[in-house]
Structure formats: structure tokens, C-alpha cells
Amino acid sequence: MLNLTYTYALKLTQQQIQTYEMWLETARKVWNFALAERKGWYNSRSCRIDACSLKTEYIIPADAPRPTFASQCKALTQARKNNPNLNAAHSQILQQVLRRLEKAFIGMWESGRGFPRFKKQGRMRSLLFPQLGVNPVKQNQVKLPGAGWVKMRMSRPIPDGFVAKQAQLVKRGSGWYVMLTLQADVGVPHVMPHGQAVGIDLGLKSFLATSTGEQIARPRFFVDLQGKLKLLQQRASRKKLGSNNWQKAQAKVARLHEHIRDTRKDFHFKLAHKLCDEAGMIFAEDLNFKAWAKGMFSKHTLDSGFGEFLSILEWICWKRGVYFAKVNPDGTSQICPNCNHHTGKKELSQRIHRCGECGYEIDRDVASAQVVRQRGLAAVGHTVQMLGEGLSTRSLMTQESSPF
């Protein structure tokens, strides 16, 4: 089974916009109510049994079960019978809100993410329709629950053999969009190592350096526009909260953020395709970008979006039949790619790799990319200069749908 996600811009009428705005507000209230119920249950179990808090106390029976997705869905069904606002919204989108809340708690328990937070007005921006009718797309229209046939900008055709299974309605600064999940009952073979191998090294001096000696300059998507963003935010802060002028100022801020995001993603996709044009195998370091984002260059690291780029690169490689793998990143800048000699730790200001053993001299980032390439080739069984390093211990899963 192969899944694809295509995004299209919608042309909603004012009546359709009002309907979906009301559904978003209802979904936000359901999220906040369900989160408050879960949070209250946890707080009632965290206090001492022989003492009461001076600030607040949660009076919940000791035998009350923990709120779960199933129990809250059952309570939602009962609440819809008596609440006209809940009954006006589509039942499945409210169930998907509870499912998202359940996933947020699972991510907190298993992945170390933060505690889910309440959403203020305007923070709920997407509605998920898990089921669509038969043939929901025709020409430049899509049939959505609550609105019927909606005009959309058919920026690219749906591939033959694919069927639209679900839709996610997204509200952005530039308008409304629909993300269609397309499905086809086909099997895709795994990509095997073949062709020319290229190693890449990500950094802040240059966005990317390849083992062939090419270096890609790092665009400054956010840094170059942060002055304009600051000005728009200052103007918005001087408006009366909730007024029409305040909403217009907030819309300008949102559109600028969206512009930064779109230019960054466009650069990532074009660079990924460029790398796939030149290689049959691409190897990258399995880096911890969360640690990078907490360092002294956190703003520049987040501005570059290295983690997003590697996800896009892996997806493009799979789609175009290019083998992609991540290797162990330890010591890539401390090893000479020519003679395998350990040169020691380098300062950040030292940008040239000079080997005292063999005299090999090259740019530091290019040398690291060459080491990454050698480790990748060694991991896939090619006869190369062995460095005793292989793939990282993380399991690589074949991605069948783009998350973007």
C-alpha cells in the first residue's frame, strides 16, 4: 500500500468559511475540556493523602478511572445529545481531536515531549476528515463534509490509480488548504545501493558540503526578515486586542511566517533533487539536532531546518530510487579521509583540514563529507578504506508517504 499527500489551495465562500471557523472553535473547546479532565485527574493523584494544597484541591473520587480516548469519546457522544454546538460540528472531527490529545500524551510518556497545553482562541487551525465519499474529487472541486463541493486550485493532477481516502482542512495565513491523502494498492521495492556514492556534511558556515568538494551557501530565511517581523509584531501589539485592525496586523505577521516557511521548504526540495541528480547513493550523519538547537547558535540552527531537510531528502531519495542512509557521526571531523589518521579535535575557527601524517589538505567540511561517504560505503559492503564505523544503531524505516 502506497500513500501520498497532496496539498491544494481552496476557494471557500463566506458561508463555508463561517461554518469551518465555528467547527474550529468547537474543536478547540473539546480539546481544552478533555485536557482539563485529564489534568485534573492527574493532579488529584499527585497530592498527599494526609494533607491538602493551600492553592487548589481536586475533589475526584478515589475509584474514578483515568480518562482515556475511549471513555472521552463515549462521553462526547452523550454530550452531543444535549449541546447544540457540539451537535452542529461533524462527529468525526471531534473524535480526531481526542485522538490527537491521546497521541500527545503518548508522546509525552514515550518520547519525552512536554505536557500538552491548552489552546487559546485561534490556535486550532486544522480539521481532519478520516473518511470521504465515493469519488470526492472531480476536475477542480473536492467534496468536503459540511460544505459540499468546494472549488480548489488543481495545482497538480492526482496520479492514475490513486484514490483520495481522507482530507485535512488547514487554515494558514494565506488562506485555506486541503491536504488529500491518496492511496494506491501497489508494492514498492526497497532501493538497493547502486551508482555513485556521495557523502554530505551539514554545517553553519556552509549549509551543506559534499564529498565531491561542492559547498552550498546557507540561506538566512528567518535572520534576513527578522527586522521586518519585529516591526509587524510591534504594530500588532499597539492595536486594541480583538479589534479588526488587530486581526489585520496579526494576519500580516502570519503571512510573513508562512513566507519564511515556504522559502525554506522550497530550498530544501530543490537541493534534495539536485543531490539526487548527481548520485545513486547518499549518506548523511545521524546527528542530534535537538542538542544543536540548544547551543549558542540555536537561532541559526533552527533557521536552517537541518532535521526537516534530512526528512525531505530521505523522501526524495526513496521517490527517485536513490539509496539513502545515515552513518555514525562520531569523529568525522577528526579523521583524515586520505590515510585514516586521527588528527585530533579541531576548533571551530579551524576551517582547513591538514593531516600531519600524509599531508592531505582540504576544506574541513569537505573532509568530513568524505569520511561520511567512506563510512556509508563500508556499511553497505563496498570495498573502501575501512574506518571501523558503520550505520547508526537507529533502524531505518522505508517511508511511503511524504509528511509535507
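# A guided tour, from core to surface

**Stop 1: leucine 313.** Select leucine 313, which counts as buried, at 0% relative accessibility. Buried means under 20% relative accessible area, exposed means over 50%, and partly exposed lies in between, with a 1.4 Å probe and protein chains only. The areas come from the Shrake-Rupley method, and for residues only the protein chains shown count as cover. Leucine 313 is in helix α9, residues 306-320. Helices (H or I, at least four residues) and strands (E, at least two) are DSSP runs, numbered from the N terminus.

Before moving on, note that this is a predicted model, where local features need pLDDT of at least 70 and side-chain atom pairs count only at pLDDT 80 or more, while totals for chains, interfaces and linings use all residues. Residues are numbered from 1 along each chain as its sequence is written, and side-chain values use heavy atoms, leaving out hydrogens and water.

**Stop 2: the whole chain.** Zoom out. The C-alpha atoms fill a box of roughly 80 × 65 × 50 Å along the principal axes. The chain has 10 helices and 14 strands. Of its 404 residues, 39% are buried.

**Stop 3: the sheet.** Color the strands. An open sheet of 7 strands runs in the order β2-β6-β7-β1-β5-β4-β3, with antiparallel pairing. Which strands stand at the edges? They are β2 (126-129) and β3 (137-138); each has a single partner strand, so one side of each lacks a neighbour in the sheet. Two strands count as paired if DSSP finds at least two bridges between them. Strands of a sheet pair through backbone hydrogen bonds, either parallel or antiparallel.

Now isolate β7, residues 175-184. This strand is mostly covered, with 8 of its 10 residues buried. Two of its pairings are worth a look:

- Strand β1 (residues 2-11) pairs with β7 in the antiparallel sense over 8 bridges. Pick threonine 7, and methionine 179 of β7 stands opposite. Pick asparagine 3, and glutamine 183 of β7 is the residue across from it.
- Strand β6 (residues 163-172) is joined to β7 by 9 bridges, again antiparallel. Here arginine 172 faces glycine 175 of β7. A hairpin of 2 residues connects β6 to β7.

**Stop 4: helix α6 and its salt bridges.** Select helix α6, residues 244-278. Search the whole structure and 11 salt bridges turn up. A salt bridge here is a side-chain nitrogen of Lys or Arg within 4 Å of a carboxyl oxygen of Asp or Glu.

How far apart are the closest N and O atoms of lysine 274 and glutamate 214? They are 2.6 Å apart, in a salt bridge. This pair links distant parts of the chain, 60 residues apart: lysine 274 in helix α6, and glutamate 214 in the loop between β9 (206-210) and β10 (215-217). Lysine 274 is partly exposed at 30%, and glutamate 214 is partly exposed at 25%. Add Glu278 to the selection: Glu214, Lys274 and Glu278 are linked in a network of salt bridges.

Stay on α6. Aspartate 266 forms a salt bridge with lysine 270, with the closest N and O atoms 3.2 Å apart. Both lie in α6, 4 residues apart, about one turn of the helix. Aspartate 266 is partly exposed at 38%, whereas lysine 270 is exposed at 55%. Lysine 270 also leads back to the opening stop: leucine 313 is 43 residues away in sequence and 9.8 Å away in space, C-alpha to C-alpha.

**Stop 5: arginine 351 and aspartate 365.** Their side chains meet in a salt bridge of 3.1 Å, N to O. Arginine 351 lies in the loop between β12 (323-327) and β13 (352-354) and aspartate 365 in helix α10 (residues 364-379), so the pair ties together parts 14 residues apart in sequence. Buried or partly exposed: which is aspartate 365? Aspartate 365 is buried, at 8%. Arginine 351 is partly exposed, at 23%.

**Stop 6: proline 67.** Proline 67 sits in the loop between α1 (14-46) and α2 (69-82). Proline 67 is buried at 8%. Show tryptophan 41 too: proline 67 and tryptophan 41 are 26 residues apart in sequence and 7.6 Å apart in space, C-alpha to C-alpha.

**Stop 7: the surface patches.** Switch to a surface view. Patches are made of residues with over 30% relative accessible area and no salt bridge; like charges are joined within 9 Å, and nonpolar side chains (Val, Leu, Ile, Met, Phe, Trp, Tyr) within 5 Å.

- Positive: Arg235, Arg238, Lys239, Lys248, Lys252 and Arg255 gather in a patch of positive charge. Lys and Arg count as positive and Asp and Glu as negative, with His and the chain ends not counted. A charge is placed at NZ of Lys, CZ of Arg, CG of Asp or CD of Glu. Helix α6 gives the patch its largest share, 3 residues. Lysine 239 lies in the loop between α5 (226-237) and α6, partly exposed at 32%.
- Nonpolar: Met296, Phe297 and Leu348 make a patch of about 370 Å². Phenylalanine 297 lies in the loop between α7 (289-292) and α8 (298-304), partly exposed at 38%.

Methods. Accessible areas come from the Shrake-Rupley method with a 1.4 Å probe; for residues, only the protein chains shown count as cover.
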